Amino acid sequence: VIKCKAAVAWEAGKPLSLEEVEVAPPKAHEVRIKIVATAVCHTDAYTLSGADPEGCFPVILGHEGAGIVESVGEGVTKVKPGDTVIPLYIPQCGECKFCKNPKTNLCQKIRITQGKGVMPDGTSRFTCKGKQIYHFMGTSTFSEYTVVADISVAKIDAAAPLDKVCLLGCGISTGYGAAVNTAKVERGSTCAVFGLGGVGLAVIMGCKIAGASRIIGIDLNKDKYAKAKEFGATECISPQDFKKPIQEVLVEMTDGGVDYSFECIGNVGVMRAALEACHKGWGVSVIVGVAAAGQEISTRPFQLVTGRTWKGTAFGGWKSVDSVPKLVTEYMSKKIKVDEFVTHTLPFDKINEAFELMHTGK
């Protein structure tokens, strides 16, 4: 058993608490990882807020991390102690019908136990003050050591800077893949990206790499426009600057609508606007943002009858074990940006400040 520091969420709506936790050794087909760097994501904040129906407490959150394998359980063959890895919240077992189908990346092998906050055998590897602590998204990267299933880990280039590539565990991969895998943006196309946070910037990067000729960024926070343009946005607009709905503005700006739109916020009203901003006959809108539990999307069926397509994406459609090492290689060879997504680097004990910076859009 390893004793180490972890940020524990004891209950919903309260700040994280830095505690000493005990991390049990990995069982069969499990891997214990020394986490070197983790990022914070709105998904962590969503669960912490208490709005997540799958949220269980006390829990160690975090799902964008990178580290070094410390030890492996029986039967683990893909990684060994000392390997550099990224934990994966969407695993890839290679055996289930989802993994065998090229149309999806949603491996279901451990979905049920992962959703309940436990390891595949139904138990937890974390204890604190004599209490069992739940796992989160199969990763729990807000701990100096964590235990994950062996299908939930990608071995990456040992030379990669972990304080940067941890972002490939969720946000950057999600946005980039939404553009290149899910939408399959084409050269010369016009795109609209709603929400210019980390995921939105990654979508812009993907659209640019795919050769889009016009990329319109949409956000209420104008402080985000300069960064969006750095990533490839050709122009940025705020819905507050117009008297009419933003979809009407975009349809006028683009001679009938955009070829591809992306919702990167998790707001069902914006999801509708993103679909309705698409061009009749061929426009494709991709939902990337995660809406709160129980919310529903709506539009007039005529929008779809007249040739628009509504899609969604999880982790950018990447089959995780196969793709994450390749994404790291693309970063190392300068094909994709990663460093530019990092705004602040804080010590682990300032994790609550990191959440505050995220909530204020900084």
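A pocket, on a 1 Å grid over the protein atoms alone, is an open set of points where a 1.4 Å probe fits, with protein on both sides within 12 Å along at least five of seven lines, and its lining residues have an atom within 4 Å of a point. This is a predicted model, in which local features need pLDDT of at least 70 and side-chain atom pairs count only at pLDDT 80 or more, while totals for chains, interfaces and linings use all residues. Residues are numbered from 1 along each chain as its sequence is written, and side-chain values use heavy atoms, with hydrogens and water left out.

**Second largest pocket**
- The second largest pocket holds about 390 Å³ of space, a volume being the space filled by probe spheres set on the grid points.
- Its lining has 23 residues, of which H29, K78, A149, D150 and I151 are the closest to the centre.
- Strand β9 (153-155) and α11 (320-332) are the elements that give two or more residues to this lining, strands being DSSP runs of E of at least two residues and helices runs of H or I of at least four.

**Nonpolar cores**
- In the largest nonpolar core (buried nonpolar residues, under 20% relative accessible area with a 1.4 Å probe, joined through side-chain atoms within 4.5 Å), which has 81 residues, L16, I86, V165, L168, V185, C207 and F262 touch the most other members.
- Helix α6 (residues 198-209) supplies the largest share of this core, six residues.
- Apart from this core lies another, of 14 residues, including I246, V249, V258 and A274.

Key:
Buried means under 20% relative accessible area, exposed over 50%, partly exposed in between (1.4 Å probe, protein chains only).
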